[in-house]
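Biologist: Got a minute to walk me through this one? I'd like to go over it piece by piece.

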Amino acid sequence: MKLTKRSQLRDAHTLAGAYAMDAVSAPDRERFERHMIGCAECAREVASLREATAMLGTAAAEPVPAGLKERIMAAAAVTRQQPPAAETEPVVLARGTWTRAGGWFRSLAWPGRLALATAGTAAAAVIAVAVVFGIANSSMQQQIDRAQASSQQIAVVLTAQDARMATGTVVGGGTATIVMSHSRHALVFTAQGLHALPASRGYELWLIGPAGARPVAMLPAGSPGMTGPVIASGVRPGDHLALTAEPADGSAHPDTPMMIDMDL
Amino acid sequence: MTTTGSQEPRNRPRPGPPAPAGADLAAQIALVARGEAAAFDAIFEQIGPSVYGAVKRVIRDPAQSEEVTQEVMLEVWRSASKFDAGRGSAKAWVMTLAHRRAVDRVRSVQKEAERERRVATAEIPFDEVIEAVESSLERERVRRCLGSLTEVQRESVTLAYYRGYTYGQVASLLSVPTGTVKTRMRDALIRLRDCLGVAE
């Protein structure tokens, strides 16, 4: 028995190399990870061998395909980060979410990323508020469902293989940024620094095709700074995206001059 | 259609901010943990090509390699706060995530039996590792150190790392007992580590 145990131990130890290269089956991996918990020496060895395997990896570096970085950055902007281990209270969690969004606001160089950052955090914040106050009534539930559905739709556009970003200047002040995916027939719209409108009026987003203009949505009113993100689905080939100022409850047709008109 | 707004050339992604040259990866990861997207951009500039290249070595298919690269980078973004500099370099942390994801991807899509069959007919990839390698100081060093291994050690390492094979598969491919392959893999990595002058 003693011999078996010793040979098992030696066996586990020699697995360090294979483990460091992920050259182990799933059961082997699990067994070795259990073994490492009680074997600081093994863990140290694996860590040092991984410095070597990392070099094997970097030696294989090659240029990344065009657009990959943009997709990754856009996806990160709507992906919540794990808190550090010390974070505990749910209340802090909710506040941390907002603070982090603020951090993005200051540091981001892409207007699009900056605006899109709130898509995920808006959903997260609604949920956090619900959790903190123990609210689970149906209207709150609907709000959560809507927020989640919308950030899911947004994520689908942002992570699409053909997602492309474009920006345009809004007449009267501000910048609009869109991420468009033709394969998903959808786009995500955000704007920054839009001129504030009187309470009776609001910004309305349109898709304009050969058959006429289709209203997409009223932009959420209020916040100076950043507006959106708003998802526009059902985009057809040849559509343009337009923005106008309309009565606050929306129009069926754009009545005022277009403040932006972007080819899609 | 009257165009009343000016716009950038359509459908062109805007370039991100330039990465600070030679920025320390670990420091950038600490910034990413605080939600700094600019630091994440810098990390991608620095290590994205390595992640993509290593992943593609294992997976081969460019589209799938892109997907896995995206998963890896998002994992870095999500779990930046979990990175512990006391347990290894930031580069090793990211590359470990990358390699494991790539290996998990090929193993999940390929039935083991099928893979066993394919492995038996695969050629030894050492030349291909050496060939596509542009000259850079680091690559040169890796190449030299790989060259200092015995042939079986080198084959074991390249089949495992660049092909994503398990030691069992490598053993059947090289017709040597599994125990021997395990030992050679460990010996080979220790030698590589010492030759490359990395860690401990």
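What follows is a short chat about contacts and burial in this predicted model.

Biologist: Which helix of chain B gives the largest share of the side that touches chain A?
Modeller: Start with the interface itself: 78 residues of chain B are in contact with 71 residues of chain A. On the chain B side, they divide into 35 nonpolar, 22 polar and 21 charged. The largest share, 13 residues, comes from helix 2.

Biologist: And which helix of chain B gives the most to the largest nonpolar core?
Modeller: That core has 112 residues, and those with the most contacts inside it include A:Ile178 and B:Ala160. B:Ala160 touches residues of both chains, among them A:Met21 and B:Met185. The top contributor from chain B, with 14 residues, is helix 2 (residues 37-59).

Biologist: Is B:Leu196 buried, partly exposed or exposed?
Modeller: B:Leu196 sits in helix 10 (residues 178-196) of chain B, and it touches A:Ala52, A:Met55, B:Arg141, B:Val142 and B:Cys145, leaving aside residues up to four places away in sequence. Buried would take 20 or more other C-beta atoms within 10 Å. B:Leu196 has 19, so it counts as partly exposed.

Biologist: How many of the ten residues of helix 4 of chain A are buried?
Modeller: The buried ones include charged residues, A:Lys69, A:Glu70 and A:Arg71, along with A:Ile72 and A:Met73. Helix 4 (residues 68-77) is largely enclosed by the rest of the structure, because the buried count is ten of the ten.

Conventions:
Residues are numbered from 1 along each chain as its sequence is written. Chains are lettered from A and ligands numbered from 1 in the order in which they are written. This is a predicted model: local features need pLDDT of at least 70, side-chain atom pairs count only at pLDDT 80 or more; totals for chains, interfaces and linings use all residues. A nonpolar core is a set of buried Ala, Val, Leu, Ile, Met, Phe, Trp, Tyr and Cys residues joined through C-beta atoms within 7 Å. A residue is buried if 20 or more other C-beta atoms lie within 10 Å of its own, exposed if 12 or fewer, and partly exposed in between; C-beta atoms are placed from the backbone. Helices (H or I, at least four residues) and strands (E, at least two) are DSSP runs, numbered from the N terminus. Two residues are in contact if their C-beta atoms, placed from the backbone, lie within 7 Å.
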